[in-house]
Amino acid sequence: MDYLTEAYPSKLTDRIPWVLTLLVSLRLANWTIGDISHDRKQPVKAMSRTKFCRYASFLAVQSFVILDITSTWAKHDPYFHTTGMGLDEPWQDPPRKLPSLFSLIQAMPPRLPRTAVLAGQAYACISQGGSLPVIPIVALSGIGLWPDEWSPHTWPIFFGRFSAVSEKGLRGLWGTWWHQTNRYLSIPGRSLSQALGIPTESSLGYMLQVMSAFLLSGVMHMGLIPPQPLATAMTAMEMRSFVASFFWLQILGIGIELGVLKFVGRYH
């Protein structure tokens, strides 16, 4: 695929597809935006359509398997359908028909498998969005009925390397492995650092972007909680506070990581 540098068009007829391409580029892949940390990674190396379809099919199968396992566990664990049951409350009477693997899992502290179920389902559902539903779009681009720049095979893959978590901790988890769909939430922090003359790649500039991304992400995810949550004694606002706090605490965690790295680097 060939890439052309095109500024904001002056003609309306050229401007419409330019703006539409920008709107579908949630992660600003293949766009230069004047920020070195982003622009140096552009353009993104596109997969072949065949390779992308194989990758998307693998994601779909993997997601269905994860959803099947976690849904089976949730079906039998009373925590997921008993109002007011605590996250650490033990499972008193497990059904006999559960597979032996589940019996081993039940020996763990209840908090571990229950949070793993929620995390696994979130991962599987988000992965599905970048798998089977987009294969027809890639196929249409192959026969010229859909613009290449709107086709997912020309974008970065939905999830990155999981090994980045062991390499960079929280920064690797959120900045490389987890889906990067909401990277635009860091733009206010980047704009603020530029307005203050702070290099965006400095530790302070980076933390401003982290603060912007996770503060806004916490607020955004609060909206996922329904007015009347099921199978819980918590109010909707209490649950929203917990959800938001999870994302806001990532700022503290990443800040501690950077502080420790600087301290160790100074004396190493």
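1. Let's start with Arg 40, which sits out in the open: its relative accessible area is 58%, so it counts as exposed. Keep in mind that this is a predicted model. The side chain of Arg 40 makes a salt bridge with that of Glu 201, at 2.9 Å from N to O. Arg 40 belongs to the loop between helix 2 (36-39) and helix 3 (49-76), while Glu 201 belongs to the loop between helix 9 (187-195) and helix 10 (203-222), so the pair ties together parts that are 161 residues apart in sequence. Glu 201 itself is partly exposed, at 45% relative accessibility.

2. Now for a salt bridge in another setting. Asp 77 and Arg 114 meet through their side chains, again with 2.9 Å from N to O. Asp 77 is in the loop between helix 3 and helix 4 (100-106), and Arg 114 is in helix 5 (residues 111-128), so this pair links parts that are 37 residues apart in sequence. Asp 77 is buried, with 0% relative accessibility, and Arg 114 is buried too, at 1%. As background, side chains of opposite charge can pair when their charged atoms come close.

3. One further pair to look at is Glu 167 with Arg 161, a salt bridge whose closest N and O atoms are 3.4 Å apart. Arg 161 is partly exposed, with a relative accessible area of 45%. The count for the structure comes to six salt bridges.

4. Helix 3 is worth a check with a ruler. At 1.5 Å a residue, its 28 residues should span 40 Å, and the end C-alpha atoms are 41 Å apart, which agrees. Which residues of helix 3 are buried? Among them are the aromatic ones Phe 52, Tyr 55 and Trp 73, along with Leu 59, Ser 63, Thr 70 and His 76. The buried set also includes Ala 56, Ala 60 and Ala 74. For reading such a list, it helps that an α-helix has 3.6 residues a turn, so residues three or four places apart point the same way.

5. On the surface, have a look at the nonpolar patch of about 630 Å². Tyr 8, Leu 12, Ile 16, Val 19, Leu 20, Leu 23 and Val 24 make it up. Leu 20 is found in helix 1 (residues 12-24) and is partly exposed, with a relative accessible area of 37%.

6. How many disulfides does a search of the whole structure find? The result is zero. As for individual cysteines, Cys 53 is partly exposed at 22% relative accessible area, and Cys 125 is partly exposed at 49%.

7. Ser 151 is a nice spot to zoom in on. It lies in the loop between helix 6 (135-142) and helix 7 (163-168), yet Ser 151 is buried, at 0% relative accessibility. What does Ser 151 contact, leaving aside its neighbours within four places in sequence? The partners are Ile 137, Val 138, Ser 141 and Trp 146.

8. Finally, the overall picture. The protein chain has eleven helices and zero strands, and its C-alpha atoms fill a box of roughly 70 × 55 × 45 Å along the principal axes. Of its 268 residues, 33% count as buried. Among contacts between residues at least 6 apart in sequence, 59% join residues at least 24 apart. The accessible surface comes to about 16700 Å², and 67% of that belongs to carbon and sulfur atoms.

Notes. Residues are numbered from 1 along each chain as its sequence is written. This is a predicted model: local features need pLDDT of at least 70, side-chain atom pairs count only at pLDDT 80 or more; totals for chains, interfaces and linings use all residues. Side-chain values use heavy atoms; hydrogens and water are left out. A salt bridge is a side-chain nitrogen of Lys or Arg within 4 Å of a carboxyl oxygen of Asp or Glu. Helices (H or I, at least four residues) and strands (E, at least two) are DSSP runs, numbered from the N terminus. Buried means under 20% relative accessible area, exposed over 50%, partly exposed in between (1.4 Å probe, protein chains only). The expected span of a helix is 1.5 Å times one less than its number of residues. Patches are made of residues with over 30% relative accessible area and no salt bridge: like charges are joined within 9 Å, nonpolar side chains (Val, Leu, Ile, Met, Phe, Trp, Tyr) within 5 Å. Accessible areas come from the Shrake-Rupley method with a 1.4 Å probe; for residues, only the protein chains shown count as cover. A disulfide is a pair of cysteine sulfur atoms within 2.5 Å. Contact means heavy atoms within 4.5 Å.
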